Amino acid sequence: MPEMRSVAENSSVTEFILAGLTGQPELQIPLFFLFLGFYVVTVVGNLGLITLIGLNSHLHTPMYFFLYNLSFIDFCYSTVITPKMLMSFVSKKNIISYAGCMTQLFFFLFFVISESFILSAMAYDRYVAICNPLVYMATMSPQICLLLLLGVYVMGFVGAMAHTACMVRLTFCASNLVDHYMCDILPLLELSCTSTHVNELVVFIVVGIDIGVPTVTIFISYALILSSILHIRSTEGRSKAFSTCSSHIIAVSLFFGSGAYMYLKPSSLLPMNQGKVSSLFYTIVVPMLNPLIYSLRNKDVKSALKKTLSKVLFS
């Protein structure tokens, strides 16, 4: 980006040092192995789910189409953050270039915003499946699913561009120590020696939209789903309807809860150390838990896994 190069030239800071999760030396190696384990589970879980959905034709439905993309997004944004984070545990100075920092910021925001909208698309899918089952295949046609997915990635791109464009306009001329394990918006704003009022306004507007719109969509979808479930007379029918939604509700609660806590609280009320812990949930823990939540609580996925494993073993 020419704009990124010119800003970097006007700034005395050409690289940043990522402080990492903790400054306590005795915790570095245990934390390295802990988060390496998390990352391995994340990669295996998400790539495994992507492969499983791809190989089993009976999982080629709208619900699993969105789950496929959720796993792809989780794998990508975990990969944008975790390898660099692991370096902070084993190196004396975890240095990242100015361009590298802005690139990490852009891709992190792109995938994390896309995740919030893919979760709302999944809520809409569940609403149609439970409340209008007779027109489900017509309403959730391949064309509609692709349009919804396009909307997800467009919102991710627009949000990431808005934040990153505002960030590259700032000048960094004092400390280059980022008090975080990644290049995130709030810790970078603390280092700027120019006014950050526009950036803070963009954070509240864009994050408000990227958390607010999906949250409202999800709440409305689940209010209608709950109303529909309460009208189901059979206990078996109710429990089946609840079970198809429970995995999604758990994933949504973890993701939006930690994201809202991090970004929608004034920085004076949220010390950076607490912010790091909060961001651990949606950057490290959620991408790891999502494939486990959706596979362990889903009969179709477990059945597909058994079939695929038996084919591999017998072949």
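Student: Which residues does Thr22 touch, once residues up to four places away in sequence are not counted?

Tutor: A contact list of this kind leaves out the immediate chain neighbours, and in this predicted model the list for Thr22 consists of Leu27, Gln28 and Leu31. Thr22 itself lies in the loop between β1 (15–18) and α2 (25–55).

Student: Is Thr22 buried or exposed?

Tutor: Burial is judged from relative accessible area, with buried meaning under 20%; because Thr22 has a relative accessible area of 16%, Thr22 is buried. A second way to place a residue is to look across the sequence: Thr22 and Lys276 are 254 residues apart along the chain, yet their C-alpha atoms are separated by 9.6 Å.

Student: What share of the contacts in the protein between residues at least 6 apart in sequence join residues at least 24 apart?

Tutor: That share describes the whole chain rather than one pair, and here 80% of the contacts between residues at least 6 apart join residues at least 24 apart. Of the 315 residues, 49% count as buried, and the accessible surface comes to about 15300 Å², with 71% of that area belonging to carbon and sulfur atoms.

Student: How many helices and strands does the protein have, and in what pattern do they follow along the sequence?

Tutor: The protein has eleven helices and three strands, and reading along the sequence gives the pattern α-β-α-α-β-α-α-α-β-α-α-α-α-α.

Student: How should I read the packing of two helices, and at what angle do α2 and α3 cross?

Tutor: One takes the angle between the axes, their separation and the hand of the crossing together. The axes of α2 and α3 come within 9 Å and cross at roughly 160 degrees; angles over 145 degrees count as roughly antiparallel, and α2 and α3 are therefore roughly antiparallel to each other. In this pair α2 passes α3 in a left-handed crossing.

Student: How do α3 and α4 pack?

Tutor: Helix α3 (residues 62–90) and helix α4 (residues 98–131) pack at about 160 degrees, with their axes 9 Å apart, and they are therefore roughly antiparallel. Their crossing is left-handed.

Student: Where is Val80, and which residues is Val80 in contact with, leaving aside neighbours within four places in sequence?

Tutor: Val80 belongs to helix α3, and with those neighbours left aside, Val80 is in contact with Gln104, Phe107, Phe108 and Phe111. At 22% relative accessibility Val80 counts as partly exposed, a class that runs between the 20% and 50% cut-offs. Val80 and Phe106, which are 26 residues apart in sequence, are 9.9 Å apart from C-alpha to C-alpha.

Student: At what angle do α4 and α8 cross, and which residues meet there?

Tutor: The axes of α4 and helix α8 (residues 197–230) come within 9 Å and cross at roughly 15 degrees, which makes α4 roughly parallel to α8. The crossing is again named by its hand, and α4 passes α8 in a left-handed one. Among the residues that meet are Ile113, Phe117, Tyr124 and Ile130 on the α4 side, and Ile209, Val213, Pro214 and Ile225 on the α8 side.

Student: How far does helix α6 reach from its first C-alpha to its last?

Tutor: The end-to-end reach of a helix can be compared with the span expected at 1.5 Å a residue: α6 (residues 142–168), with 27 residues, reaches 39 Å, close to the 39 Å expected.

Student: Which residues of α6 are buried?

Tutor: It helps to keep the helical repeat in mind: an α-helix has 3.6 residues a turn, so residues three or four places apart point the same way. The buried residues of α6 include Cys145, Leu149, Val152, Gly156, Gly159, Ala160, His163 and Met167.

Student: How accessible are Val154 and Val168, and how far are their C-alpha atoms from those of Ile113 and Met102?

Tutor: Val154 is found in α6 and is partly exposed, with a relative accessible area of 41%; the C-alpha atoms of Val154 and Ile113, 41 residues apart along the chain, are separated by 9.8 Å. Val168 is also found in helix α6, but Val168 is buried, with a relative accessible area of 3%. The C-alpha atoms of Val168 and Met102 are separated by 7.5 Å, although these residues are 66 apart along the chain.

Notes. Residues are numbered from 1 along each chain as its sequence is written. This is a predicted model: local features need pLDDT of at least 70, side-chain atom pairs count only at pLDDT 80 or more; totals for chains, interfaces and linings use all residues. Side-chain values use heavy atoms; hydrogens and water are left out. Buried means under 20% relative accessible area, exposed over 50%, partly exposed in between (1.4 Å probe, protein chains only). Contact means heavy atoms within 4.5 Å. Accessible areas come from the Shrake-Rupley method with a 1.4 Å probe; for residues, only the protein chains shown count as cover. The expected span of a helix is 1.5 Å times one less than its number of residues. Axes are lines fitted to C-alpha atoms, for helices over the stretch in contact, and angles run from 0 to 180 degrees between N-to-C directions. Angles under 35 degrees count as roughly parallel, over 145 as roughly antiparallel, 65 to 115 as roughly perpendicular and the rest as oblique. A crossing is left-handed if the near helix is turned anticlockwise from the far one by less than a right angle, and right-handed if clockwise.
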